[in-house]
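Visitor: I'm new to this one. Could you walk me through how to read it?
Guide: Happy to; let's have a look together.

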Amino acid sequence: MTVPPQAGPSDGAGYGVECPLCRLAPAAGTLRCPGCQEDLTPLVHLRLRGRIAYNEGLRLARAGAYREAVGELERAVRLEPELLVARLVLGKAAAALGEHGRAAAAFEDVLRLAPGHPGAGAALAALAVAG
């Protein structure tokens, strides 16, 4: 599952960026500054780099490349610590590698950030049964 970007307060494009020169947000449907017409795509990539790493980690996990997936997902968590879905997939990828301590830590982090999270609770319970 991909994660949609979070919209900025005045950003019509939904990415929370503004032109560093003009201080204008792009209009809906474009990533160009309405003032100077500069392409703001690199700023979007910087803002969303945690989600980009998550999507790459998810792609790798689905392909069975768990070692590489763990690396990307750890990067996603470093860049965007509140991205719970990255922590969940990180735990699942670590579990697939037999790294139960790392997996448990990821699931426990989710529960610390979102107490009672059903996915993390179930994954942690399944890990305890398997381990």
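Visitor: From the N terminus on, how do the elements of the chain run?
Guide: Keep in mind that this is a predicted model. Going from the N terminus, the order is α-α-α-α-α-α. That fits the count for the chain, with six helices and zero strands.

Visitor: How far can I trust the coordinates? Where does pLDDT stay under 50?
Guide: As a rule, where pLDDT is low, the predicted coordinates shouldn't be read in detail. Here the mean pLDDT of the chain is 89, and 89% of its residues reach 70 or more. Residues 1-10 are where pLDDT stays under 50. The model has 27 contacts beyond four places in sequence for residues 1-10.

Visitor: Now the inside. Which residues have the most contacts inside the largest nonpolar core?
Guide: The general idea is that nonpolar side chains in soluble globular proteins tend to be buried together. In this chain, the largest nonpolar core has 17 residues, and Y54, A69, L73, A86, V89 and L90 have the most contacts inside it. Helix 2 (49-62), helix 3 (66-79) and helix 4 (84-96) each give two or more residues to this core. There's also a second, separate core of nine residues, with L88, V110, A123 and L127 among them.

Visitor: Let me zoom in on A86. What is A86 in contact with, leaving aside its neighbours within four places in sequence?
Guide: Its partners are Y54, L73, A76 and V77. Y54 and L73 also appear, along with A86, among the residues with the most contacts inside the largest core.

Visitor: And for the chain overall, what share of its residues is buried?
Guide: Buried residues come to 34% of the 131 in the chain. As for the surface, the chain exposes about 7200 Å², with carbon and sulfur atoms supplying 58% of that. Among contacts with a separation of 6 or more, 36% come from residues 24 or more positions apart.

Visitor: What about the backbone: what is phi of R23 near?
Guide: Most residues other than glycine have a negative phi. R23 has a positive one, near 60°. You'll find R23 in the segment before helix 1 (41-47).

Visitor: Is R23 buried or exposed?
Guide: R23 counts as exposed, because its relative accessibility is 54% and the cut-off for exposed is over 50%.

Visitor: Then what about phi of Q37?
Guide: Q37 has a positive phi as well, near 65°, and its place is also in the segment before helix 1. Q37 has 45% relative accessibility, so it counts as partly exposed.

Methods
Residues are numbered from 1 along each chain as its sequence is written. This is a predicted model: local features need pLDDT of at least 70, side-chain atom pairs count only at pLDDT 80 or more; totals for chains, interfaces and linings use all residues. Side-chain values use heavy atoms; hydrogens and water are left out. Helices (H or I, at least four residues) and strands (E, at least two) are DSSP runs, numbered from the N terminus. Buried means under 20% relative accessible area, exposed over 50%, partly exposed in between (1.4 Å probe, protein chains only). Contact means heavy atoms within 4.5 Å. Accessible areas come from the Shrake-Rupley method with a 1.4 Å probe; for residues, only the protein chains shown count as cover. A nonpolar core is a set of buried Ala, Val, Leu, Ile, Met, Phe, Trp, Tyr and Cys residues joined through side-chain atoms within 4.5 Å. pLDDT is the predictor's confidence in each residue, from 0 to 100.
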